Every structure is written in structure tokens, then in C-alpha cells.
Amino acid sequence: MPSNLYTLDNSTVHSEMARKSDVPSPYYGEPRKFDPTFRGPISNRSCTDVFCCVIFIIVILGYIALGTVAWLHGDPRKVIYPTDSYGQFCGQKGTPNAKKSILFYFNILKCANPAVLINLQCPTTQMCVSKCPDRFATYTDMQLQYQITAAPWEYYRQFCKPGFNNPTKPVAQVLRDEDCPSMIVPSRPFLQRCFPDFITLNGTLTVAKRTHFKDALDKARSVTELRDAANGITGLVDAKEVGMKIVEDYAASWNWILIGLVIALVVSLIFILLLRFTAGFLLWFTIIAVILVIAYGIWHCYLEFSLLRQQPGADVTIVDIGFQTDVTVYLHLSQTWLIFLIALCTIEASILIILIFLRKRVRIAIALLREGSKAVSYIMSTLFYPITTFLLLAICISYFSVTSVFLASSGDAIYKVMAAEPNCMYANKTCDPETFNKTNVSKTCPGAQCTFAFYGGETPYHRYLFILQLSNLLIFLWLVNFIIALGQCTLAGAFASYYWARRKPQDIPTCPLFSSFSRAIRYHTGSLAFGALILALVQMARIILEYLDSKLKGANNVVARFLLCCLKCCFWCLERFIKFMNRNAYIMIAIYGKCFCTSARDSFCLLMRNVVRVAVLDRVTDFLLFLGKVLIAGSVGVIAFFFFTHKIPIVQEDVPTLHYYWVPLLTVIFGSYLIAHGFFSVYAMCVDTLFLCFLLDQEYNDGSATRPYHMTSTLRKMLLRRRTKRQKRE
């Protein structure tokens, strides 16, 4: 790269800086001298941050090796299929349990909570069965009925250990050896496990319409004990039913959801294109439309709140009714509309305050957005670059997920002693199921069993599995941030080539997006990886802090919680700052082709020399773009609301019958926002690049014949108008 592109001129720069900058003193670096040969992003470049590039390539190769090792040692069946007490998979094809895909617990009363069940740590025999029991029965009742007919035993034996065929064995011995369950209760599969079939009748929890039953020892049992043993299962079952209804709603409305997303795609594209010709009108229309929509929302919420406040029973709080799957229940509460009212009033007041005090900056931001729309219209291929980013992120996320599953499923089956008595000295000790009956554990601890616990091992690979999982997470964060950085640098190079072109669009290079992408990959992989690594380390620290916070939630150490909260806040601010710095550093890399640290320093000094303008315009442009995304998502959402609630007479007969109309509605709104965000993220990068180029152009040039501006006439008029007003004040 030529070293004399811009040379320092300390004798003339201070007065020029004091005249042009919002910050009168150039303590944050000095601008460089004008170079008449500069025509945009430099093509004569050299590789930057080579050492980091080499490290990045080595890490990628190591990541591939890590995935290979995980795939060799891991077995996803351990995650997909439940495992019985003998370490055999339930429902695995080619095994004796191929047709037995459900895990059955001999004595679910020994299980403390659902987490114990799901983690396969319940201290009772677990067997693979083809179906869950559908009736009440005890081993004692079965023996009495067996004297008359063998049918009860044929049904009961499918829940006993394989090979056990002695229905006349004394009950005490059967329960001691756990050959069969002492009782079976009506159950249904959930998470591939048999859980009691809880049903609420007239506010009373029942199982098969019964609240009490007896076990094999003729001991009275109640449904409450089952509920306590499987605490929270009723909520999970309700969640499953809701989930099934949601799936049915998606199956019935997926084509209309797709149409809604296509409409959002078309509207977003039209919005971007219209900004070129009617940026001022469209943006002011967006602002006014959002203000009016929020004002209507405030009026509607106040009206509903006033009506409900006069109705009896509407003053119940949201906390009192708890979680309800039917969201319309909350709409009958006055507190719900009061919350909506306060939130909308706060948003409306914030928007009005911003517009009143920053109206001049809003005009400059609109000028930048208008310029950005021209750049996007000349380089239309940039609108579709997010598809490339999405595909790369999808590959990265898929690789990370698969590697995580294989790492989690690495190891051999570990068996531990599950003791029936709490004071057993062998409890939770490792054991061998083949030799367990020959040891004295059963004599010392009556009823103890050697059951499967988890997967693990004692090899170095298994001992460092946790470290490998952390490495997997860190490299994943690094790759994700690198992909985002690559997209930002690519778009910045393309839009910078537009800004620095003397004649637009004649002087814009051919295929600017592809050229910028090639430069970023060929010369600046190391710099992008360096910035991505810094951000990944901060994000990793935040994840660790969140993990520690989850572990300390039940602790009473107030000081530790306070310090942890402060650290989380500091690292959140640090992450936001690094993202801001990286984004501008990538723009400088795209323009000048320097290393990451130099580009970050130059961009930081440039922004600090224009700190007031940056602080205001950056937030204002983000705010305007956010309003555009809200307008698009809200407009499509309103259409979807009227459609799915049968309020459009023309297509009323085509509307599918749904359990919850909010399922496709929220999907359309959220999907529309993501689509609009994809388009506007390109637009935001364009505006940030043009703004940085605008600041550079303003510092390096003065608009004279020897040092002409590269900015367009619109930005030049805005600059001259502000400079004239400043000179009049002086």
C-alpha cells in the first residue's frame, strides 16, 4: 500500500481543525493532507494482521479436528433416545427395544421432581416399554386374578423386567428384587417417558377419575403423592397440548404466513427504493404515521381501561391469575390495559422529545438517508448480501449444534448404586451391573440397585469434555462475529466506492460488492478475525457471568450478587462499545486497507473530533430506521390481524380455522420485522459508511478548485448552510 497517501502536516492542521470540527481542539489525532489521486477504497493493498490470520486458520482447522473427534466418540442416540437401567436405548432400531420407545418407571413415587426424571437419576428401575399403562393395577391384584385367568398377568408382565415369568413369586420378594412394579397407574407418554395421566375435574386433580388408590402392600395412596413426585408435570402436559395446537395452527396457516412474509419483503424493497426519490417525505410520513398510530393506541387503551375499571372482577391483577394459554383472559383485566397505556405514553413522549430537541439533526439525518438510498439504488446487489450472511451463519450454527450434541453424548455408560435407604454408605458409588449381585452391597443396603446414571469416562478426553465444550462455544462466537464483520467490511467497501466516485454512477467500479468482498477475504481476514476475537472474548465473559448468576440465585450473599450485577452491567457496556468501535474500524479497513488497531484508532479519533455530530446523528438515523422497520412490521401485522380474525369480507371464507389466531399473527409480525431488519441493516451500514466518508471528506477538503468535495450537492448544501450559520454566530 502506498505510504504517502496522506502525509501529516502539523503546521497547518490545527487551525483547520478548530474551524471545521464540533470539538475545537484536535486532541484526538490530526487529519491528513489532501491527496488529489485518491478515488475511493485503495486497490493496491497488502495483507494486514497476518499473525492473527494464521492463528485464525489454525483455530478453524482445530475446530474441524474437534468436531471430528467428537463425532468419533459421541453418539447422538444418547441424547435422542431414553436409556433404561441397563444402559440400553429405548426405540433404537436393530435392538430388542426397537418397538419399545417409551421409558417406564417402576416406582415413580421415588422420583423427586421432573428434572430428576428427565436426567435419568430417579432411584428406581427404569424399563423400555411399547406403551404406557392405561389402568390401575397392583401386583397383588394381578396374583389374585391370575388364579382365575392368565390375561391380567399377560398385561402386567409387559411392565416387568425382560425374562421374568413367575407370577406366583411372593410380593415381598418381587418388590425386593424389583422384578415388577408394585403398581401401575394410567399414564401417557411425554418426552418419551410415562407420566401419570393427570386430569382436572371440577378443580380436583385426578388420575383416571380417581383420587385414591392402593399399592401392592395394600397401602393407601393418593393422586397428590403422584403430583408431588412429578411436580410440575401437569404444567408440562398443558404445555404439550398447547404445543400440539400451535403445530396444528402452523400446519393450517403456513401458506398464509408465507404470503404475509412475501408482502413484507415486497414492502421493504419498495420502501428502500422510494427513499431515493421521496426520502424526506417518506421519512416524515413514517414519523407522523408512527406518532398517530401510537396516539390511537393510547386512546384505545384508555377507553378499554375506563370501561373495565367499572366492571366487577376486572381489577384482578395479572399475578393473581398467573400464566394462561388463552391470551384473551388478560384482555379482560384493567391492569393489562393500564400497562399498555403507560408503555405507549412513554414511547410517544420519547419520540416527541427527540423530534423537538433534535429537529435540525433529524434534517441532516434525512439527508444522509436520502444519500444512502441513492447508493443502494446504484449497488442493488447489496440488498441481497444478507442472504450470504444468513447462509454462513446457518452453517456455523449447525456445526456448533452438532458438535455440542456429539460432545455431550461422548463417553461410556456409567452405573451407580441407587439405594432405597438414605444412609447407605454405597449410595452414588460407581458399580458394575454384571458383578453387582456378587458384591455385599445388596446385603449392606437392602433394595440397592446398580442402575444407569449418565455417560462419562476416565480418559483424558472425557476429563476435559467441559473444556472442549467451552472451546466449542468460544470458537463458535469467534466465527459468528467474523461472519458479521466480513459482511460489514464488504458492504462498507462497496458503499465507500460510491461516495468517493467523482461522477456518480459513471466512476463507480464494476461489481463493487464482489470487489469489496474479494479485498476483505484476500487482504483483511486477519484484521476481521482480530476484531471478532476481541468481541467473542467479551461475549464469552458475559456468558460465564450469566451462568454464575444463575447459580447464585438461591444464595443469600447480597454482596456477591451486587458485584456480579455490576460486572454484568460493565461487560454489557463494554460489548456495546466494542461493537461500535469494530463497526467503524471495519469501514476504515475497507477504505484504506490498514490493520485493525490503526483503523480502530483512526476511526475513534475521527469520531471524537466530531463527537457531538456522531452522538446525535448516529442515534437519530438508527431511530429513523427503527421507525421504518416498525412501520413495515406493524402494517403487515395489521393486515394479518384483520385477516386471521375474519374481518376482511372478501377473503373471509378462505381463512383457516385456528386454535390461537395469535400464532400466525405473531409469526408474521416477527418475520416481517426480521425481513425489514435485513434490508435496513444494509441501509444502516450504508449510512454509517457515508457518514464516516462525509467526515473524512470534510476534514481533508474545503470545496475549492484544488481541494473539491466528493460529497453530493445535497450534503454540500447542508454543510454550507450549517457553516454559514456558525460564521454568523461568530
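The expected span of a helix is 1.5 Å times one less than its number of residues. Keep that in mind for the first stop; and remember throughout that this is a predicted model.

**Stop 1: helix α20.** Select residues 596-609. This helix has 14 residues, and from first C-alpha to last it reaches 20 Å, close to the 20 Å expected at 1.5 Å a residue. Now show the side chains. The buried ones in α20 are Phe 596, Ser 599, Ala 600, Asp 602, Ser 603, Cys 605, Leu 606, Leu 607 and Arg 609.

**Zoom out.** Show the whole chain as a cartoon: 23 helices and 12 strands. Of its 730 residues, 46% are buried. If you draw contacts between residues at least 6 apart in sequence, 73% of them join residues at least 24 apart. Switch on a surface and you get about 37,300 Å² exposed, with carbon and sulfur atoms supplying 65% of it.

**Stop 2: strands β1 and β2.** Pick residues 102-105 (β1) together with β2; the two pair in the antiparallel sense over four bridges. Leu 103 stands opposite Cys 128 in β2. In a regular strand, side chains alternate between the two faces of the sheet. Is β2 covered or open on its faces? Both faces are covered: Gln 126 and Cys 128 are buried on one side, Met 127 and Val 129 on the other.

**Stop 3: aromatic pairs.** The whole structure holds 22 aromatic pairs. Try Trp 71 and Phe 406: their ring centres are 6.4 Å apart and their planes sit at 65°, and over 60 counts as edge-to-face, so that is what this pair is. The pair links distant parts of the chain, since Trp 71 is in helix α2 (residues 50-73) and Phe 406 is in helix α13 (residues 385-408), 335 residues apart. Trp 71 is partly exposed at 38% relative accessible area, whereas Phe 406 is buried at 17%.

For another geometry, select Phe 104 and Phe 106. With centres 6.2 Å apart and planes at 55°, the pair is tilted. Phe 104 is buried at 5% relative accessibility, and Phe 106 is buried at 4%.

Back at Trp 71, add Tyr 63, Tyr 399 and Phe 406 to the selection; with Trp 71 they form one aromatic cluster.

**Stop 4: a charge over a ring.** Select Arg 135 and Tyr 155. Arg 135 lies over the face of Tyr 155, at 3.7 Å from the ring centre.

**Last stop: Ala 349.** Look in helix α11 (residues 334-357) for Ala 349. Ala 349 is partly exposed, at 34% relative accessibility. Run a distance from its C-alpha to that of Ile 291: 9.6 Å in space, with their positions 58 residues apart in sequence.

Technical notes: Residues are numbered from 1 along each chain as its sequence is written. This is a predicted model: local features need pLDDT of at least 70, side-chain atom pairs count only at pLDDT 80 or more; totals for chains, interfaces and linings use all residues. Side-chain values use heavy atoms; hydrogens and water are left out. Buried means under 20% relative accessible area, exposed over 50%, partly exposed in between (1.4 Å probe, protein chains only). Contact means heavy atoms within 4.5 Å. Accessible areas come from the Shrake-Rupley method with a 1.4 Å probe; for residues, only the protein chains shown count as cover. Two strands pair if DSSP finds at least two bridges between them. Rings of Phe, Tyr and Trp (its six-membered ring) pair if their centres lie within 6.5 Å; planes under 30 degrees apart count as stacked, over 60 as edge-to-face and the rest as tilted. A charge sits over a ring if NZ of Lys or CZ of Arg is within 6 Å of the ring centre and within 35 degrees of the ring normal.
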